[in-house]
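User: I'd like to practise reading a model feature by feature. Could you walk me through one?

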Amino acid sequence: MIQQVLERLPELANGDAWLTHRGRFLHVTFMLAVGEEHFLIRIREGRVESVDRGPFVMPQWTFALRASAQDWRTFRDPSPPPGFHDLVAMMKFKRLQLDGDPYPFMTHIRYFKDLLGRLRAGVAS
Amino acid sequence: MNATNDARFEPVVGRYLQLNLLGNPHRLYVEEAGEGVPLLCLHTAGADSRQYRAVMNDGEISSRFRVIAFDMPWHGKSSPPAGWQNYEYRLTSKDYIDMVLTVSDALGLERPVVMGCSIGGRIVLHLALDHPERFRALIGLQSGAHADPYYDLQWLNRPDVHGGEVCSGIVSGLIGPSAPETDRWETLWHYAQGGPGVFQGDLYFYTVDGDVRDKVAEIDTRRCPLYLLTGEYDYSCTPDDTRELAHRIQGAQATIMDGMGHFPMSEDPEGFLSHLRPVLADIEQEP
């Protein structure tokens, strides 16, 4: 379940010194929506500080990434099929929606691709 | 050369070509290897001729083909025209066609085969329509008649965003998952090296000016054979885009390359060459 893996995101990400280095100028809280379920992920200096699971009252975030639970599941496949293998590919086929201010995402696009790539099943922590 | 550390020169030779192009003096970087039927290779948007390094280094191909690739103006080691600092670069269909014809003439190529990828795969469709008599055959890699943008292209060219980071980051998923790591990251490095606004300027042709949907059915492959090779994981020019082309162009031969993405010649050279070799063998049979 992606919900359980998301809660392990700090340990999956923060042990990767090259990932956190590339995010050293990044401070942001973003929303990850898995269908109707929402997670607020807070990043400070490239480290995942916290992952909070909703529901929320008046959540604050800079940008949100939203996809269905089924599409996130396919994205997490160790060998995802075409169109599910990359966040931008998911956007192209309208499976992933980016809302809010895209600035932190676009300036750190490789960071976010790598960060969420860590959610893939079988990716070592 | 020093044999102790296995140093060796590749059979690829690079030179600078001075010529008048699009009404202005230009200095273009041109690479080539081999002898035989001229095979002129066109790189993707925002990249350069290094993408064809494996085709040039393939001894079997270079024993029968003179493989040539040039960096378009503004790209790679080619200079932009004088005055570049005062305007935004934008590639048009007309300029791109002129560029291919002018470079081909300047190099004295007689009815070359032209192989282009992405924007290069689009321009071969224009060449097939407008100048079929000039070419022995055309090969479109990741070739579609049109592409809709799926992100705001302004992100590629903003003074407050690192162009190398965003250009390489946005295209990284266009590479197929089975690509060898070294070739994947070599390909992305080329994107990280583009000048400001160059990738975006190329995409003006790809997403707006080069739309050829209304005309592709008029391509006559009896006048110039057309081969289409597209990677399975490409979401910019999808396999369906290429199948649609092949459906509309009588005689066009399409191949979908399993596991590959948008930069086949650069991201997975060996895999790509296994698809290219039969096409080249076929072309050699053409008069």
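Analyst: We'll go through a sheet, a contact between chains, a whole chain and a single residue, bearing in mind that this is a predicted model.

User: Let's start with the sheet in chain A. In what order do the strands run?

Analyst: Reading across the open sheet, you get E3-E2-E1-E4-E5, five strands with mixed pairing. The edges are strand E3 (47-53) and strand E5 (97-100) of chain A, and each of them pairs on one side only. Direction ignored, neighbouring strands are turned against each other by 20 degrees on average.

User: In which sense do E1 and E4 of chain A pair, parallel or antiparallel?

Analyst: Parallel: strand E1 (residues 27-34) and strand E4 (residues 63-67) of chain A are joined over five bridges. To follow the register, look at the partners. Leu32(A) has Leu65(A) in E4(A) as its bridge partner, and Val34(A) stands opposite Ala67(A) in E4(A).

User: And how many bridges link E4(A) to E5(A)?

Analyst: Four, and here the sense is antiparallel. One partner to look up is Gln97(A) in E5(A), which bridges to Arg66(A). As a general idea when you look at side chains, those of a regular strand alternate between the two faces of the sheet.

User: Next, the contact between the chains. How many residues does each chain put in?

Analyst: People often give the size of an interface as the accessible area lost when the parts come together. Here we count residues instead: chain B brings 14 and chain A brings 15. On the side of chain B that touches chain A, nine are nonpolar, three polar and two charged.

User: What does chain B look like as a whole?

Analyst: Chain B has ten helices and eight strands. Its radius of gyration is 18 Å, close to the 19 Å from the globule rule for 287 residues, so chain B is as compact as a globular protein of that length. Along the principal axes, the C-alpha atoms of chain B fill a box of roughly 55 × 50 × 40 Å. Of its 287 residues, 53% count as buried. Look at the contacts in chain B with a separation of 6 or more, too: 74% of them come from residues 24 or more positions apart.

User: Last one: is Lys94(B) buried or exposed?

Analyst: Lys94(B) is exposed, because it has 12 other C-beta atoms within 10 Å, and 12 or fewer is the cut-off for that class. Lys94(B) sits in helix H3 (residues 93-106) of chain B. Its C-alpha atom is separated by 9.1 Å from that of Asp209(B), although the two residues are 115 residues apart along the chain.

Key:
Residues are numbered from 1 along each chain as its sequence is written. Chains are lettered from A and ligands numbered from 1 in the order in which they are written. This is a predicted model: local features need pLDDT of at least 70, side-chain atom pairs count only at pLDDT 80 or more; totals for chains, interfaces and linings use all residues. Two strands pair if DSSP finds at least two bridges between them. Helices (H or I, at least four residues) and strands (E, at least two) are DSSP runs, numbered from the N terminus. Axes are lines fitted to C-alpha atoms, for helices over the stretch in contact, and angles run from 0 to 180 degrees between N-to-C directions. Two residues are in contact if their C-beta atoms, placed from the backbone, lie within 7 Å. Ala, Val, Leu, Ile, Met, Phe, Trp, Tyr, Cys and Pro count as nonpolar, Asp, Glu, Lys and Arg as charged, and the others, Gly among them, as polar. A residue is buried if 20 or more other C-beta atoms lie within 10 Å of its own, exposed if 12 or fewer, and partly exposed in between; C-beta atoms are placed from the backbone. The radius of gyration is taken over C-alpha atoms; the globule rule is 2.2 Å times the number of residues to the power 0.38.
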